[in-house]
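Reader: I'd like to learn how to read a model like this one. Could you walk me through it?

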Amino acid sequence: MEVLKNIDLSGLNTFGVKATAQYFAAFDRLEDLKALTKEFVDESLFILGGGSNILFTKNVGDLVLHNRIGGIKEVDEGGNDVRITAGAGVKWHDLVMYCVNRNLGGMENLSLIPGNAGAAPMQNIGAYGVEIKDVFVELEALHLKEGYVRTFKKDECNFGYRESVFKNELKNQFVILNITCRLKRSPSNFNISYGTIEKKLEEMGVAEISVKAVSDAVIAIRQSKLPDPSIIGNAGSFFKNPVVGLPFFSVLKMKHPDMPHYPQQDGMKIPAAWLIEQCGFKGLRRGDVGCHKTQPLVIVNYGNATGEDILSFSEEIIQTVCHRFGIRLTREVNVY
Ligand code: FAD
Ligand code: NAP
């Protein structure tokens with residue numbers, strides 16, 4: 001295990017922005033990670049997975065630890081339940097495909113999300129009405145400063161909408177080593193009511209819905225709509241969808257009768273993409289930064305945008321939406 005100096009991170013974040021790590025080490029074993037955290041005990045450490053939910057706005061001063069712990073294990077729990085444990089460095093989509101190819105149900109709606117399994121609990125990744133919390137059992141994580149390994153059960157992770165304890169109270173304290181999920185063998189219940197999944201299944205001529213068919217539909221929708229980061233830099237949805245209180249929603253709805261909205265336990269969710277589009281940002285390009293032409297919630301780097309350029313463009317969106325609708329968007333992407 002080698003500690004490298006002055007490493008360019010532009011190929012290691014999906015925005016493709018330039019940033020340099022003063023020190024950089026990749027690890028694929030717990031022992032190596034422990035040795036690194038001891039050696040750099042007085043420094044601040046940054047954990048990097050697939051780099052698909054991070055915006056670097058400056059160089060990373062201390063050590064960047066690149067998690068490459070691999071391996072997928074399967075344990076039959078009896079009945080229809082199967083426990084799958086994946087190393088934090090396994091690509092999330094590879095894990096989903098491992099399950100889809102074995103007809104294990106639960107993760108199919110989460111197909112084609114970039115990044116690694118270890119980062120998935122960080123923001124409780126979600127798409128098409130499913131979140132990792134729906135299949136999550138537990139994870140193991142190393143405390144960076146104290147060096148012990150702790151198991152976090154689902155109810156200790158405080159999962160919320162694109163939130164977890166690791167993004168909040170325990171931010172930068174633990175490195176997630178592996179995650180365990182529970183899937184269903186040969187399932188018969190599928191979540192296809194969200195977005196255009198049902199329509200896509202029809203278009204695909206699917207007679208019998210299966211784990212594979214839902215996964216294929218999700219992949220096809222995503223490929224038709226979302227920019228591929230290997231072609232154009234982005235980190236997926238830049239903002240979260242706001243949830244507003246019902247009294248405020250009623251006022252907004254009177255002013256904007258066409259506004260899409262989805263009831264939530266704690267109020268009404270309004271798609272941030274709609275708010276951004278109404279403010280004229282859809283497809284808008286300023287220098288090398290812009291809002292994607294089919295999904296304005298995705299901010300893109302057309303080439304040489306810096307992290308600062310992207311951050312200030314996002315601030316302009318926040319201010320404009322706030323001025324027009326009285327809703328303050330919050331960023332989903334982690335800003336460093
Ligand atoms: P990174 O970007 O490397 O890290 C993200 C954060 O997690 C950082 O703060 C990092 O320090 C921390 N971290 C990473 N690994 C660990 C670890 N092992 N232990 C502790 N901390 C860690 N997200 C969704 O929820 N739903 C989607 O549908 C979705 N679609 C996307 C589509 C595109 C095209 C893109 C580019 C992104 C999308 N995302 C989506 C966002 C992103 O893919 C996910 O949030 C993903 O889980 C990030 O994983 P990563 O390994 O790339 O994390
Ligand atoms: P979409 O289907 O065009 O829908 C627009 C928004 O409306 C979504 O953000 C979604 O909220 C909400 N929505 C749609 N149908 C809904 C329903 N039946 N009930 C409640 N809310 C509903 O969205 P999209 O951009 O193509 O994305 C599809 C899915 O992939 C979404 O779940 C989205 O979150 C996910 N995705 C996430 C990222 C990311 O980086 N986080 C990137 C791309 C796609 P939710 O976002 O809350 O689901």
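Reader: Let me start with ligand 2: how far is one of its oxygen atoms from an N or O atom in the side chain of Tyr-194?

Author: Happy to help, and do keep in mind that this is a predicted model. To read a polar contact, look for a pair of N or O atoms within 3.5 Å. Here, an oxygen atom of ligand 2 and a side-chain N or O atom of Tyr-194 are 2.4 Å apart. Glu-332 offers another case: its side chain has an N or O atom 2.6 Å from a nitrogen atom of ligand 2. The backbone takes part as well, with an N or O atom of Ser-237 at 2.8 Å from a ligand oxygen.

Reader: How much of ligand 2 does the protein bury?

Author: On its own, ligand 2 exposes 800 Å², and 81% of that is buried by the protein. The shell holds 18 residues, and among the nearest are Arg-162, Lys-225 and Gln-295. By class they are 7 nonpolar, 6 polar and 5 charged. Strand 9, helix 4 (211-225) and strand 14 each give at least two residues to this shell.

Reader: Now ligand 1. Which residues come closest to it?

Author: Of the 33 residues that surround ligand 1, the closest are Ile-47, Gly-49, Gly-50, Ser-52 and Arg-222. For polar contacts, start with the side chain of Asn-67, where an N or O atom is 3.2 Å from a nitrogen atom of the ligand. Then turn to the backbone: a polar atom of Asn-116 is 2.9 Å from an oxygen of ligand 1, and a backbone N or O atom of Ile-176 is 2.8 Å from one of its nitrogen atoms. The protein covers 94% of the 980 Å² that is accessible on ligand 1 alone. Two or more shell residues come from each of strand 3 (45-48), strand 9 (126-127), strand 13 (174-185) and strand 14 (233-237).

Reader: And what classes of residue make up that shell?

Author: Around ligand 1 there are 16 nonpolar, 15 polar and 2 charged residues.

Reader: Strand 3 belongs to a sheet, I think. In what order do the strands of that sheet run?

Author: Strands in a sheet pair through backbone hydrogen bonds, either parallel or antiparallel. This open sheet has 4 strands in the order 1-2-5-3, with mixed pairing.

Reader: Why is one side of strand 1 and of strand 3 left without a neighbour in the sheet?

Author: Strand 1 (4-8) and strand 3 are at the edges and have a single partner strand each, so one side of each has no neighbour in the sheet. Neighbouring strands are turned by 45° against each other on average, direction ignored. Strand 1 pairs with strand 2 (residues 20-27) in the antiparallel sense over 4 bridges, and Asp-8 stands opposite Thr-20 of strand 2.

Terms used
Residues are numbered from 1 along each chain as its sequence is written. Chains are lettered from A and ligands numbered from 1 in the order in which they are written. This is a predicted model: local features need pLDDT of at least 70, side-chain atom pairs count only at pLDDT 80 or more; totals for chains, interfaces and linings use all residues. Side-chain values use heavy atoms; hydrogens and water are left out. A residue is near a molecule or strand if one of its heavy atoms lies within 4 Å of it. A polar contact is a pair of N or O atoms within 3.5 Å; within protein, one must be able to donate a hydrogen and the other to accept it, and residues adjacent in sequence count only if both atoms are side-chain atoms. Accessible areas come from the Shrake-Rupley method with a 1.4 Å probe; for residues, only the protein chains shown count as cover. Ala, Val, Leu, Ile, Met, Phe, Trp, Tyr, Cys and Pro count as nonpolar, Asp, Glu, Lys and Arg as charged, and the others, Gly among them, as polar. Two strands pair if DSSP finds at least two bridges between them. Axes are lines fitted to C-alpha atoms, for helices over the stretch in contact, and angles run from 0 to 180 degrees between N-to-C directions.
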